[in-house]
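The exercises below each set a task and then work through it step by step. Look over the sequence and the structure before starting.

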Amino acid sequence: MTKAPLRIASYNMRKAMGTDRKRDPARILRVIQTLAADIVVLQEADMRLGPRPSALPMDQVTAQTGLIAVPVPSEVSIGWHGNAVLLRPEAELIEVKHLNLPGMEPRGAMVVDFDLRDIPLRIIATHLGLMRRSRRAQLSALIAHLDAQSKRPTLIAGDMNEWSLNVGLGRLAHRFDIYSPGKSYHARLPLAALDRIAVDDALHVIDGGVCETEDARRASDHLPIWLDFARSTGQ
């Protein structure tokens, strides 16, 4: 029997600030629920200043989406440098690493190892810098980290902040297939595919797309993207 594919989604939620200039965490949670994803990677999930409290009501995340937030080393935040990972409750969490990345501004990544539906997975959640020089250094740091780890089927998801589909992410493209399922920015008039998901050869992509519901067009300046994937035959 063929197993149903898993779905991963990536969403820059802009600290729940909508295109209508209203901060509405409940609307973000509705969008996440609509995605019907097994894994959701969020960017800008924290407020920017002070202790960086969560931009989502942490007691409502599971109740509204059915997903569990992967823990971070903070009592008030849902993310690490704004990056958060939500998983189905049945996922078996194995290890979580929180990385600081180089660049002109503070950036980071969450590396989450877990098993879901008998598939071992590693998810890297990140939000790359605004400058291409910084993005290249950040990708080099992520690849160096992966080289030092045991191998697991891996996806890297987030706001890559790269406007070009042809250059800028070469360090990643040497090791992963980079999927851009559609233009996700700006939510009101999508012109650029800033949000992407990189998939290694242990997994294959079945389908993908951009969520363009009315809520999604208002909830953030980015639209969420998603991919359906499965383990590659023979892996």
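**Exercise 1. Place strand β3 in its sheet.**

Solution. Start with the partner of β3: it is joined by two bridges to strand β4, residues 84-87, and the two run antiparallel. This is read from a predicted model. Next, find a facing pair: Ala69 is opposite Leu86 in β4. Then widen the view to the whole sheet, which is open, has six strands in the order β3-β4-β2-β1-β12-β11, and shows mixed pairing. Its edge strands are β3 (68-69) and β11 (203-210), each of which pairs on one side only.

**Exercise 2. Find which strands of the sheet helix α1 touches, and give its direction relative to β1.**

Solution. Helix α1 covers residues 25-35 and packs on the sheet. The strands it touches are β1 (6-12), β2 (39-43) and β4. The direction of α1 makes about 155 degrees with that of β1.

**Exercise 3. Describe the nonpolar cores.**

Solution. Begin with the largest nonpolar core, which has 53 residues. Inside it, Ile8, Ile39 and Leu42 have the most contacts. The element that gives the most to this core is α1, with five residues. Now take Ile8 by itself. Leaving out residues up to four places away in sequence, Ile8 touches Ile39, Val41, Ile123, Leu155, Ala157, Ile197, Ile225, Trp226, Leu227 and Phe229. Another core, of 15 residues, lies apart from the largest one; among its members are Leu128, Leu139, Leu146 and Phe176.

**Exercise 4. Determine how strand β10 is covered and which strands pair with it.**

Solution. First check burial: β10 spans residues 195-199, and five of its five residues are buried. Second, separate the two faces. In a regular strand, side chains alternate between the two faces of the sheet. Asp195, Ile197 and Val199 are on one side of β10, Arg196 and Ala198 are on the other, and all are buried. Third, look for partners. Strand β8 (residues 154-159) pairs with β10 in the antiparallel sense over five bridges, and strand β9 (residues 177-179) pairs with it, also antiparallel, over three bridges. Finally, locate Ala198 of β10: Ile156 stands opposite Ala198, and Ile178 stands opposite Ala198 as well.

**Exercise 5. Is Val167 buried, partly exposed or exposed?**

Solution. Val167 lies in the loop between β8 and α4 (170-173). Its relative accessible area is 44%. Buried requires under 20% and exposed requires over 50%, so Val167 is partly exposed. As for its neighbours, Val167 touches Arg132 and Glu162, not counting residues up to four places away in sequence. By contrast, Ser77 is 90 residues from Val167 along the chain, and their C-alpha atoms are separated by 34 Å.

**Exercise 6. Decide whether the overall size agrees with a compact globule.**

Solution. The protein has five helices and 12 strands. For 235 residues, a compact globule would have a radius of gyration near 18 Å; the value here is 16 Å, so the two agree. The C-alpha trace spans about 50 × 45 × 35 Å along its principal axes. Buried residues make up 53% of the 235 residues. Of the contacts with a separation of 6 or more, 67% come from residues 24 or more positions apart. The protein exposes about 10,700 Å², with carbon and sulfur atoms supplying 51% of it.

Definitions and conventions:
Residues are numbered from 1 along each chain as its sequence is written. This is a predicted model: local features need pLDDT of at least 70, side-chain atom pairs count only at pLDDT 80 or more; totals for chains, interfaces and linings use all residues. Side-chain values use heavy atoms; hydrogens and water are left out. Two strands pair if DSSP finds at least two bridges between them. Helices (H or I, at least four residues) and strands (E, at least two) are DSSP runs, numbered from the N terminus. Contact means heavy atoms within 4.5 Å. Axes are lines fitted to C-alpha atoms, for helices over the stretch in contact, and angles run from 0 to 180 degrees between N-to-C directions. A nonpolar core is a set of buried Ala, Val, Leu, Ile, Met, Phe, Trp, Tyr and Cys residues joined through side-chain atoms within 4.5 Å. Buried means under 20% relative accessible area, exposed over 50%, partly exposed in between (1.4 Å probe, protein chains only). The radius of gyration is taken over C-alpha atoms; the globule rule is 2.2 Å times the number of residues to the power 0.38. Accessible areas come from the Shrake-Rupley method with a 1.4 Å probe; for residues, only the protein chains shown count as cover.
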